[in-house]
Amino acid sequence: MLRHKKDVEAIAAQVKELYHRREPFRINHGSTNSTRQSVFERRRTIDISHLKYVLNVDVESRTALVEPNVPMDRLAETTLKYGLVPPVVMEFPGITVGGGYAGTSGESSSFKYGFFDQTINYVEMILADGELVTASKTERADLFHGAAGACGSLGITTLVELQLIEAKKYVETTYHPVSSMSAAVEKIQSFTRDKENYDYVDGILYSGDRGAIITGRLTNKRANDNAVRTFSHANDPWFYLHVRETITKNHDPVTEYIPLDEYLFRYDRGGFWVGRSAFQYFFTPFNRFTRWYLDKYLRTRMLYTALHASRHTKPYVVQDLALPMSAATEFVEFTEKTFGIYPLWLCPLRQSASPTFHPHTPDNRVDTGPQKLMLNIGLWGYGPSNHNTFMRVSRALESKLRELGGMKWLYAQVYYSEKDFWDIYGRGWYDDLRQKYNATSLPSVYEKVKIDIEAETKAVKSSWWLWFLSFWPISGFWSLWKAKASRQYLLADKASWKSIEEKHRNGRARLGSLVCKAMHIHMIAWSFPDFSAEALQIICCQRGSPKLWLAVSEMD
């Protein structure tokens with residue numbers, strides 16, 4: 001905690017200096033899971049990328065003290081050592097704790113626990129004037145509630161106390177086939193009412209007449225001899241492809257057992273199904289071999305790096321849109337007609353009380369009792385290639401969403417006018433918070449998420465590099481180079497969260513390899529008795545590790 005305290009004091013001093021100069025600043029977290037393009041001016045950027053550690057896990061109180069740049073995979077692998085897991089773990093390993101609080105983050109357990117910020121006990125924040133404060137449901141409750149989803153526009157989150165629940169070995173996962181969107185909504189409503197028997201609920205709609213609702217239940221036991229399914233290794237199937245194959249072969253529900261850690265990040269490889277777009281861009285066959293061969297490029301950290309480098313966020317639709325359950329079918333009919341994009345991700349969410357930047361219905365206030373569920377629809381795929389057409393359908397999407405009482409997540413492209421944006425999200429409560437906590441020098445939420453079309457067009461015209469990147473396949477190869485140079489794939493290679501079965505299997509393989517190497521070295525020693533023990537030790541360390549020398553020694 002001493003290191004954390006010193007780091008935070010240094011950041012607060014930087015913030016205070018910029019505040020006195022009345023200069024707005026942006027925050028560099030070191031990574032992003034937003035699809036918006038970001039431009040940093042170093043002189044006005046506060047770097048908090050070094051706040052990336054889990055400081056403490058308290059088994060008795062079931063809480064964890066976590067810095068904001070701890071990603072989900074590092075968080076999960078740390079808490080699982082104590083037999084605990086966060087109630088809501090975002091499906092992409094690189095999403096951070098701070099991003100989960102400052103943005104809108106929900107997962108298949110959010111029908112039960114709400115958005116990620118609903119599982120936080122308190123946050124430590126540096127306000128825009130450099131003051132260090134804590135906020136919770138009982139202390140600065142307005143700031144605690146209002147900063148959730150406000151994109152860091154009220155201050156900098158530097159520490160979070162996160163709630164944890166008991167972890168179990170498996171998620172008993174069942175795929176329920178459905179033949180229409182209305183049937184999908186009906187099943188989702190049925191399963192989410194039964195919170196005692198289900199811990200996770202989401203769905204995939206592959207077309208207008210085929211889909212699956214996926215339920216999960218935490219358990220330590222497997223029924224009968226059901227196989228354990230994993231999704232994190234290069235030779236594993238992508239999760240969405242596996243589900244599609246399963247419901248194609250079976251008209252009745254099918255149950256499998258997925259290790260908890262594997263379940264949490266089941267959509268990492270392929271980024272749900274967005275990774276398939278890379279194959280389309282390069283006119284590359286999309287099959288099991290190419291997915292295996294290119295696996296390290298097809299995990300979400302690499303995909304995000306490549307996406308930003310290529311600037312393919314421009315013609316690509318990446319939107320999460322939450323609506324009342326009753327309006328979901330009509331909305332999907334609209335997206336099918338306008339975009340023709342499938343698959344769609346379906347995720348029920350327990351909405352937060354307004355006022356908030358999280359998706360909510362207009363009547364959803366603190367005093368209205370239990371919060372109703374909304375259905376999030378993930379719409380991800382190529383839009384129209386013509387820029388004007390793309391803008392027209394994107395605005396039509398926002399208009400239809402508003403007409404049906406829905407709201408979009410603010411991590412993606414926002415095309416609203418300023419007036420429309422504030423009519424939807426409400427400005428009075430937010431401006432009051434900015435005044436109260438001296439945040440008016442920071443960019444507002446709208447300033448952070450809006451798309452300035454004229455400025456972007458001007459930037460492309462004035463930059464030969466951006467103009468050059470607009471040609472196929474230059475931006476694609478540039479994005480691949482940037483992704484590889486980022487070395488983000490090493491984070492997946494070093495992940496220690498992979499399932500216990502896989503660890504045992506790898507452990508046996510490593511043991512077998514060690515024994516074979518030890519026998520080989522022992523044969524050298526037997527064949528050449530003049531070799532000294534020191535020479536053999538050097539060979540062992542070159543061919544394997546000090547453990548190999550110990551294995552050879554045991555053979556004497």
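Colleague: Let me start with one residue. Which residues does V178 touch, not counting residues up to four places away in sequence?

Modeller: Setting those neighbours aside, V178 touches A183, A184, K187, D209, R210, G211, A212 and I213. Please keep in mind that this is a predicted model. The residue itself lies in strand β10, which covers residues 170-178.

Colleague: How far apart are V178 and D209 in sequence, and how far in space?

Modeller: They are 31 residues apart in sequence, and their C-alpha atoms are 7.6 Å apart in space. You can read the protein chain as a whole in a similar way: among contacts between residues at least 6 apart in sequence, 74% join residues at least 24 apart.

Colleague: Is V178 buried or exposed?

Modeller: Buried means under 20% relative accessible area. V178 has a value of 6%, so it counts as buried. Across the protein chain, buried residues make up 53% of the 556 residues. The accessible surface comes to about 26000 Å², and 53% of that belongs to carbon and sulfur atoms.

Colleague: How many helices and strands does the protein chain have?

Modeller: There are 23 helices and 17 strands. Strand β4, residues 63-66, is a handy one to look at, since T63 is placed in it.

Colleague: What is the relative accessible area of T63, and what is its side chain joined to by a polar contact?

Modeller: T63 has a relative accessible area of 11%, so it is buried. Its side chain makes a polar contact of 2.8 Å with the side chain of S61. Beyond its neighbours within four places in sequence, T63 is in contact with N56, V57, D58, N121, E161, L162 and L164.

Colleague: Now the nonpolar core. Which residues in the largest one touch the most other members?

Modeller: The general idea is that nonpolar side chains tend to be buried together in soluble globular proteins. Here the largest nonpolar core holds 142 residues, and M181, F357 and F421 touch the most other members. Strand β14, residues 316-324, gives this core its largest share, six residues. To explore one of the three, select M181: leaving aside neighbours within four places in sequence, its contacts are L205, G208, A328, T329, V332, L346, L375 and I377.

Colleague: How many aromatic pairs are there?

Modeller: The count comes to 37 aromatic pairs. Take Y267 and F272: their ring centres are 4.0 Å apart and their planes meet at 20°, so this pair is stacked. Both Y267 and F272 are buried. For the other arrangement, look at F279 and F286, an edge-to-face pair with 5.0 Å between centres and 80° between the planes. F279 has a relative accessible area of 4%, which means it is buried.

Colleague: Which rings does R291 lie over?

Modeller: R291 lies over the face of F286, at 4.7 Å from the ring centre. It also lies over the face of W238, at 5.9 Å from that ring centre. So if you display F286, show both its partners: F279 in the edge-to-face pair, and R291 over the ring face.

Colleague: Let us turn to the backbone. Which peptide bonds to P343 and P355 are cis, and where do these prolines lie?

Modeller: As a rule, most peptide bonds are trans. In this model the bond from Y342 to P343 is cis, with omega near 0°. P343 lies in the loop between α12 (328-338) and β15 (344-350). A second cis bond joins S354 and P355, with omega about 0°, and P355 is found in the loop between β15 and β16 (373-382).

Colleague: What are the phi values of R22 and F283?

Modeller: Most residues other than glycine have a negative phi. R22 is not a glycine, yet its phi is positive, about 60°. Its place is the loop between α1 (2-20) and β1 (26-28). F283 is likewise a residue other than glycine with a positive phi, near 50°, and is found in the loop between α9 (276-281) and α10 (288-293).

Colleague: Are R22 and F283 buried or exposed?

Modeller: Exposed means over 50% relative accessible area. R22 comes to 55%, so it is exposed. F283 comes to 69%, so this phenylalanine is exposed too.

Note on methods: Residues numbered from 1 in each chain as written. Predicted model: local features only at pLDDT ≥ 70, side-chain atom pairs only at ≥ 80, totals over all residues. Heavy atoms only, no water. Phe/Tyr/Trp six-rings, centres within 6.5 Å; stacked < 30°, edge-to-face > 60°. Buried < 20%, exposed > 50% of the residue type's maximum accessible area, 1.4 Å probe, protein only. Lys NZ or Arg CZ within 6 Å of the ring centre and 35° of its normal. Helix = DSSP H or I, 4+ residues; strand = E, 2+ residues; numbered from the N terminus. Polar contact = N/O pair within 3.5 Å; in protein donor to acceptor, adjacent residues only side chain to side chain. Contact = heavy atoms within 4.5 Å. Core = buried A, V, L, I, M, F, W, Y, C linked by side-chain atoms within 4.5 Å. Areas by Shrake-Rupley, 256 points an atom, 1.4 Å probe, with all protein chains shown as cover.
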